[in-house]
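Colleague: Hello! Could you walk me through the aromatic rings in this one?
Modeller: Gladly, let's look together.

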Amino acid sequence: GYCGSCWAFSTTGAIEGQIYKKTGQLVSLSEQNLVDCSKSYGTYGCSGAWMANAYDYVVNNGLESTGTYPYTSMVRTALARHRRRRTAHPSSPVLCFLQQDTQPCYYDNKRAVGTIRDYRFIPKGDEQALADAVATIGPITVAIDASHSSFLFYSSGIYEESNCNPNNLSHAVLLVGYGSEGGQDYWLIKNRWGTTRQTAPAVANDHFLIKTLCLFCFFSWGSSWGEGGYMRLIRDGKNSCGIASYALYPM
């Protein structure tokens, strides 16, 4: 079956960035650990979740690596089917809503390699605060409106979708930087649909906290989405596709 686990990949990606920042070690954390074990914290496995609930789980439990807890859920890019209108903090199940696919939780805290103390939200809609955070703190967990066919079939360039709704958040991605090309500013996001072991596209005036962005590609899926698994999303001060509507980072 399908698994809507984008929320887990967005969460682990940001934590991996902090581990790399502090230790210089590339640790691949287990998304399956989150999918299987965090439901008591308000996540819904393959039926989606808000990343704050995933962070709550990690604060209290930690995470294993993919080496000891590998990813087994089937993943398909069926996001185009999910076109529900949502707000940033709905009371119902959430991002990446796809077919349910569950298995028991096999977490062993003796094998935990990723821990965080807490997490912080960036003020909703504050793009300057978001830019400051990704430049000084590291990769940021964000939710966006990805319910348009233009997103599903994005291949290159600076993405702009006039029908994007900053309150219709349907997909979780990882914000890893920002830049400018030809006078147009953009955000650089990593989407798990991309190819494996790709580095970020070359950009002008980019701001990255870490240089080895291939860290976030180890468990990407698909073969040709975007610019090697990345997207350049227009940064025009209008909260394009809700990039600043739901943004948070681990501590």
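**Aromatic rings**

Modeller: This is a predicted model, and the structure holds 13 aromatic pairs.

Colleague: Let's take Tyr55 and Tyr119: is this aromatic pair stacked or edge-to-face?
Modeller: Their ring centres are 5.5 Å apart, with 20° between the planes. Planes under 30 degrees apart count as stacked. So the pair formed by Tyr55 and Tyr119 is stacked.

Colleague: How many residues apart are Tyr55 and Tyr119?
Modeller: Tyr55 belongs to helix 3 (residues 51-61), while Tyr119 belongs to strand 1 (residues 119-121). The pair therefore links distant parts of the chain, and the two are 64 residues apart.

Colleague: Is Tyr119 buried or exposed?
Modeller: Buried means under 20% relative accessible area. Tyr119 has 15% relative accessibility, so Tyr119 counts as buried. Its partner Tyr55, with a relative accessible area of 0%, is also buried.

Colleague: And what kind of pair do Tyr119 and Phe121 make?
Modeller: Here the ring centres lie 6.2 Å apart and the planes meet at 75°. Planes over 60 degrees apart count as edge-to-face. Phe121 is partly exposed at 39% relative accessibility, and its pair with Tyr119 is edge-to-face.

Colleague: Which residues form one aromatic cluster with Tyr119?
Modeller: We have already met two of them, Tyr55 and Phe121. The cluster with Tyr119 also takes in Trp50 and Tyr246.

Colleague: Which ring does the charged end of Arg235 sit over?
Modeller: Elsewhere, Lys190 lies over the face of Tyr230, 5.8 Å from the ring centre. The charged end of Arg235 is 5.4 Å from the centre of its ring, and that ring belongs to Trp187.

Note on methods. Residues are numbered from 1 along each chain as its sequence is written. This is a predicted model: local features need pLDDT of at least 70, side-chain atom pairs count only at pLDDT 80 or more; totals for chains, interfaces and linings use all residues. Side-chain values use heavy atoms; hydrogens and water are left out. Rings of Phe, Tyr and Trp (its six-membered ring) pair if their centres lie within 6.5 Å; planes under 30 degrees apart count as stacked, over 60 as edge-to-face and the rest as tilted. Helices (H or I, at least four residues) and strands (E, at least two) are DSSP runs, numbered from the N terminus. Buried means under 20% relative accessible area, exposed over 50%, partly exposed in between (1.4 Å probe, protein chains only). A charge sits over a ring if NZ of Lys or CZ of Arg is within 6 Å of the ring centre and within 35 degrees of the ring normal.
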